[in-house]
Structures are given as structure tokens and as C-alpha cells.
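Please read the following report alongside the coordinates. It deals with contacts and strand pairing.

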2 protein chains.
Amino acid sequence: MAVTLADVAARAGVSSATVSRVLNGNYPVAGSTRERVQRAVAELDYVVNGQARALAAATSDLVGVLVNDVADPFFGLIASALQAEVGVGAAEPGGKLTVVCNTGGSPEAELTYLTLLERQRAAGVVLTGGAVDSPAHSTAVLARLARLAASGTRIVLCGRPALTLPGESAPLTTLAFDNHGGARRLTEHLLSLGHRRIGYVTGPPERSTTGHRLAGHRAALAGHGMGPGTDAGADADQLIVHGGYDRNAGFDATLELLRRDVGVTAIVAANDTVALGVCAALRDRGLSVPGDVSVAGFDDLPFSADASPALTTVRIPLQEAGARAGRLVMGRTAPPPGGVATIATELMVRGSTAPPATRRS
Amino acid sequence: MAVTLADVAARAGVSSATVSRVLNGNYPVAGSTRERVQRAVAELDYVVNGQARALAAATSDLVGVLVNDVADPFFGLIASALQAEVGVGAAEPGGKLTVVCNTGGSPEAELTYLTLLERQRAAGVVLTGGAVDSPAHSTAVLARLARLAASGTRIVLCGRPALTLPGESAPLTTLAFDNHGGARRLTEHLLSLGHRRIGYVTGPPERSTTGHRLAGHRAALAGHGMGPGTDAGADADQLIVHGGYDRNAGFDATLELLRRDVGVTAIVAANDTVALGVCAALRDRGLSVPGDVSVAGFDDLPFSADASPALTTVRIPLQEAGARAGRLVMGRTAPPPGGVATIATELMVRGSTAPPATRRS
DNA sequence: AAGCTGAAAGAAAGCGCTTGCTGTACGCCT
DNA sequence: AGGCGTACAGCAAGCGCTTTCTTTCAGCTT
């Protein structure tokens, strides 16, 4: 049915080995022969069978990327940039296809997709966000990754905690986001505006990012003498609500915060999506942003600049990170020394934060 | 290096054919033998080589989806739902990996990825949005699709114009969005609010969607006696600005519309992203939405409900469409009769549209 | 003119799997 | 008891390519 190498060879009057060599250009072929072969290829509209090639040459044209959900702009931006980097002019030899796997944050799905990618002998795998910090899961993932690495699959972690393979000294290649620093600067910004009662809506507890951002927030408070041991920090826990990474979590958490009646003048959200929910809840209760309560997010997703008021947030250069992960997984770039590179984050001050309303006590 | 079928066979004391049969479960194997094989598989941690399997069985575990850009929520939602549908419990036999290809709307990229997918002998291909309505391109794409179809690759078009393979009577399986109807109802909504001067910012001219939406808009106007031939429709062209699908296009187009000073009381945008730009431009000029000018979008992307004011728009059930495309491309669902199914759109009335401000003439 | 070199082409052995066909041994029928 | 059908299991032939090793042959050297 389909045209094969042999067909092309027959038409060009050469052996299939020669055709293969013309196609791959890694062996001397006389100019005239090359031309004849190329003509035959064009005439027959021959397209190499990637599976046969992969089997024979023990290579693969696939790169996998594990994301929570590619519909989430956070992951979409990473995946998009990665794909652009990996796909290269696409026809170019070495250009690879990107397999997107939505894990939904489920450890089982993550393992399953890892197996599927191993089955396809993927050339590389990029793991993003979704890490669930359970030791059991980490162990299982590590086992899979160890086998992948052993079989030559390049592995890159992007925005998730560094992982060290058993028996290795350096961790796997990792692009870590500076969540801690970003969160710290964000809270410092609020403090410098004069806020002293700052609510905080966390992300899902099992996500490592959640902890890092919260820690940054606390570091900022501590730096202003509002640490846990201090007077000002006495009811610090009351200002924190545990949420999740979606809009509704922000909405509900905000209602809870208001119910506690702790007098917040600002609320920091786990990320921009949550911040949207926070704003919605505040408006729902008749409070204006930032007139009554300032709101800040994290990630600087595209919609954040267009929200009204525009959201003060912390920018993570997701596209740069995705592109860099792409280069790393293709082996076009050397891994950072020590395996781990930290991606800087940047405070974006916009309209959703302002000094607290002056009120008589 | 890697564990092969033969290794498992040796360990289980059977032939590799038997191992293959146990793995595929498509041939009778005695219970005791099956068990022994399964134990060997587990002990050796065997993972089948997908490429070898694909070559031998002439099957593939890949499904490709061509999108403009997966970072764009419009495509991200489709891709995500598609992936979820196609990936099935993932381990399940028949679960396929989704290859995401960003074409950036470029015809060449589209062709290149189609070739790449043919090379991998993809089991199916879903083409979304990005169609550029140039005849040359259509012809080239058709040629590629014809070959793919001939080799058994299932093809589904999602949100792009139906295409008929040369020599075929029925078009390829297509999920078409009812852009025309949605746009018509949207404009009718504005008309019924009392708007008579309605600006329109189009999408990119080469996109088929652009034409359909604009046609729907015009149909609504015509239905209210405001067609091109009428008095009211005399300067209809002045009310239309040609734009693109991004925020800046909306911003610039709006400024242009205001510059023309045609007295618009409402602006319909090509899509939600554009609408965001429209709102930004209006605010930039000191106009309030919907106080001074009503604004409407299209697509009902997730951020639209959270914009403030919340955006009146036309909902396209992108996730349903993606999931359905997934089922079709997997052959789990029969194609719609006639090949083409139209996906209904729904008017979502929210806060960004209101009756025009009463003004003395 | 014989021998050598090196470039170019071919033969053929796999890569790891599936599957049609060929055994083989058992149970069952008559 | 002899012949058959049935249920498994194995053999071996590919799937379409890459790549090692061999062969061929033109062009030089001495």
C-alpha cells in the first residue's frame, strides 16, 4: 500500500541502502546518484516510516511533556514555548513532535504517562508543575525516571522540586521558579504600602509551590517584625486560609476570611486564578478593589494585566522557561552547573494594590 | 540493554510469540502459562517497545492535533478535552498519546506537521481552527489529507470549514461551530437593547471564522431593516474595522472606530480576547463599559465571566467539541450523517452590554 | 603493467515485535 | 480403540528501516 524505501530504490535503480543514505546524508553518495534518488522520492511522494526508522536506529522523534492541564494558561504557555523550541522548522532533521499529557495532578496518571512515554522510547521528557509531594509517589516516579534516564531519555523538570536519582550525586536537570523570593517581594510591597493585616489564600497543601510561596510571604512578615513570635504575628494563622488553585477556592476562602472578621486590608492569593475568585468574592460582599481591600496574585498570566483593576502579581517567565526546557531536553543546551537553575520572578505592581484606606481606629 | 520480549520469554520458559499473546490478549493462552508470563513481565519490569509493535502490527499510538497555539485558551480547551478523551485511563489498550502541533496559523507549518504525523503513521489527526482560506493551501492540505486517509489515518476537522477529498462525495468528518447563528443572536441582543449604531471589529481576513461571524452580524442587521441598501445601513462599512484575533487588534481597532466618530453605542468584537482590547481602549479614552459603550465578545473563554464587567459573549462548547473530536478520531463514535455536525453556540448575556445611554439628539 | 588506495554502492543482518501457519497433546466421539 | 476436533504453543516470516561489512571499480603510484 504505502510507498517504501524499496520502492524508491527500485525506481531509482539503486539499493535501498543507498536511498537511506541519501535521505540521512550521513554517508558519501555520488552527486548523480543522489539526484536520481531524490527525483524518485519526489515522484513517489515518499514519506519515511518513522517507526521503522526509530526501531532500526534506536532513536525517537517524540518528546513528552507532563502538565496538569494544558488548558490552564500556566501550563499552556510552557507547553507552547516548549513545542515551538522542540519542533524547529519541523522539517529540519532533529525536529521532534511534542506529546502533551494532562495528568490532572494525579500521581497515577503521571506514572501511567511516564510508562507510555517509555513505551514509545521518547527522546525526552519534561515534567512540569503537577508534583505531588508524597514520598511514595516521588519514589515511584524516581524509579520510572531512573529507567528512562538509563535508556537515554533526557529528563527535565520545570517548575517542580529538584529530584535526585538514586545513586547519583547531582539532581536531575531542573528549572526551578523562585516562588519564595517572588512571594516575599510581593508581601513586602504590600507592607511598604502600609498594609499590616494581610490575608493569604494558599494553594493546594500537597503542592510544593504552595509551601514555597507561603514561606516567602512569612519571611516578608518576619522581616518586618511580624513573625510568629511577635505581637503583630500573634494571630497570624487566622490570616491564612487554605485553598486550591482554582477560582472557586479563592472565592470561598475570601468569604471565610471575611467571616473571621480579622480586619484584612489586603489579600494575597496563591495565584492569579485564585485572585480572580478573591476579587469576585470581595465585590460580591460590596467591597471594592483596591479601595477597601488590595488583592495580589501570582504567575502573571495573560489575563491578569487585563483584569480590572489590573492585577498586581509576580511574573514567572513561563515562556522563557518552556523554551529553555525545550533546549535542554533536546540537548541543545548544557544543563546548568549543579543541575538546578533558578528562574527569577518579577514583581508586577498594577492597579489592584493600593495603600490601605485610612480609617480611625 | 533494555528488556525485550525474548528476555521475558526466556524467563518464563515460553516462546516470544506466547508472551506477545499474553500481552495482547487476543489469542487463547492457558491460565498457568499466562500467569507465568505475567510474573516474568513484572519481575523484569518489561515495557513493550511501541515502535517495534507499531511496525509489526501496522498500528500507531499517536493522535495528532493541529492548533494555532495551545497557549491560547480557545485551542487549549479543545486540546485538553481531546487529550483526556483520547488518553483514556491511559494504560488501557487503545489509549493514545496526543501530539500537539502549534502551527501559528502558518500554512507551511500546517503542511509540515501533517507530513511529520504521516511519518509517524499517526492513528488519527484532528485539525482545528487555523485554516487559512487560500485555495492553494487548501489544495496542498487536501493532498496530504487524502494520503493520510488512504493509509487509514482518521481525520477530524474541528471548528474549521468542511473539506471534501477529491473523488469523494461526502466531506471529511467535521465539527463546525455555529458562528453565523451565534453572531446573529448576539447582534440581535444588542438591537433589542436599543442599540442602532453597532461597531464591529473583525478577526483576521483570511480566517473563515471571521467571515461567518461577520455574516451573522450583518444578517441580524438586515433582519432589522438595517441592511446595506437601507438608510440605516448606508454607512455600514464605517462601523466595521478589520482587526485580528489578539488583544492589541481590538485596542487599535477601537481607537480607529472612535476616531471615525460614527457614534457607536456598542461594539462587537471578533472574539473575547479582542473584546478585552476593546474595553481597554474605551477605558483608555475615558469611556465606561457598558455605561457609554456596550461591548460583546465571542467564544466565552474562561476569563470572560471574570472580567469586570463580565463579558457578554457567545459560548462555544469547546470542551465538548474537543471531547467529541477525540471520540471521532478514535473511531469510538460514528461520524455524523453527511460528515458534518454543527455545534450549537449559546448567547451569554452578562454585564458588558446594557441599553444605550439616553441622549438628546 | 601490476598493485594499491579510497570512494561509492550493495548485500544482508538485524532492530523488537506480531501473526499465519504448523505442530502437539489431550479429550471426546462413535 | 482409533480417529478427530480443540486448545495451546512454537516456528519463522516478515514490518521498513539503518548500518556494518564486503565488493566493485576508477584512478594513482612506482
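The text below takes up the two DNA strands, then the protein interface, and finally the sheets.

This is a predicted model, in which local features need pLDDT of at least 70 and side-chain atom pairs count only at pLDDT 80 or more, whereas totals for chains, interfaces and linings use all residues. Residues are numbered from 1 along each chain as its sequence is written, chains are lettered from A and ligands numbered from 1 in the order in which they are written, and side-chain values use heavy atoms, with hydrogens and water left out.

**The surfaces near the DNA**

A residue is taken to be near a strand if one of its heavy atoms lies within 4 Å of that strand. On this criterion 27 residues surround DNA strand D, and those that come nearest are L5(A), S20(A), Y46(A), Y27(B) and T33(B). Of the atoms of DNA strand D that come within 4 Å of the protein, 64% belong to sugar and phosphate. Around DNA strand C there are 28 residues, with T33(A), L5(B), S20(B), R21(B) and Y46(B) the closest; here sugar and phosphate make up 61% of the strand's atoms that come within 4 Å of the protein.

The table lists polar contacts to the DNA, a polar contact being a pair of N or O atoms within 3.5 Å (within protein, one must be able to donate a hydrogen and the other to accept it, and residues adjacent in sequence count only if both atoms are side-chain atoms).

| Side chain | DNA atom | Distance |
|---|---|---|
| R21(A) | base oxygen, DNA strand D | 3.1 Å |
| R53(A) | phosphate oxygen, DNA strand D | 2.9 Å |
| Y27(B) | base nitrogen, DNA strand D | 2.7 Å |
| T18(A) | phosphate oxygen, DNA strand C | 2.8 Å |
| R21(A) | base nitrogen, DNA strand C | 2.7 Å |
| R53(B) | phosphate oxygen, DNA strand C | 2.9 Å |

Helices (H or I, at least four residues) and strands (E, at least two) are DSSP runs, numbered from the N terminus. In these terms, α2 and α4 of chain A, together with α2 and α4 of chain B, each give two or more residues to the surface near DNA strand C. For the surface near DNA strand D, at least two residues each come from α2 (16-24) and α4 (50-57) of chain A and from α2 (16-24) and α4 (50-57) of chain B.

For composition, Ala, Val, Leu, Ile, Met, Phe, Trp, Tyr, Cys and Pro count as nonpolar, Asp, Glu, Lys and Arg as charged, and the others, Gly among them, as polar. The surface near DNA strand D then has 16 nonpolar, eight polar and three charged residues, while that near DNA strand C has 16 nonpolar, nine polar and three charged.

**The interface between the chains**

Counting contact as heavy atoms within 4.5 Å, 51 residues of chain B touch 51 residues of chain A. The buried area, which is the accessible area (1.4 Å probe) that two parts lose on being put together, summed over both, is about 4,600 Å² for chain B and chain A, with 56% given by carbon and sulfur atoms. On the side of chain B, Q51(B), L97(B) and D306(B) lose the most area to chain A, together 15% of what that side buries.

Four salt bridges are counted between chain B and chain A, each a side-chain nitrogen of Lys or Arg within 4 Å of a carboxyl oxygen of Asp or Glu. R147(A) forms a salt bridge with D45(B), and the closest N and O atoms of that pair are 3.4 Å apart. Across the interface there are also 29 residue pairs in polar contact, both residues at pLDDT 80 or more. The elements giving two or more residues to the side of chain B that touches chain A are α4, α5 (73-87), β2 (97-102), α6 (107-119), α7 (135-150) and α11 (272-284) of chain B; α6(B) gives the most, with seven residues. By class, this side has 24 nonpolar, 16 polar and 11 charged residues.

**Strand pairing**

Two strands pair if DSSP finds at least two bridges between them. Strand β2 (residues 97-102) of chain A pairs with β2(B) in the antiparallel sense over three bridges, and V100(A) stands opposite T98(B) there.

Chain A also holds an open sheet of four strands in the order β7-β6-β8-β9, with parallel pairing. Its edges are β7 (240-241) and β9 (294-296) of chain A, each with a single partner strand, so one side of each is left without a neighbour in the sheet. Within chain A, β6 (residues 198-201) and β8 (residues 266-269) pair in the parallel sense over four bridges, with V201(A) opposite A269(A).

In chain B, an open sheet of four strands has the order β7-β6-β8-β9, again with parallel pairing.
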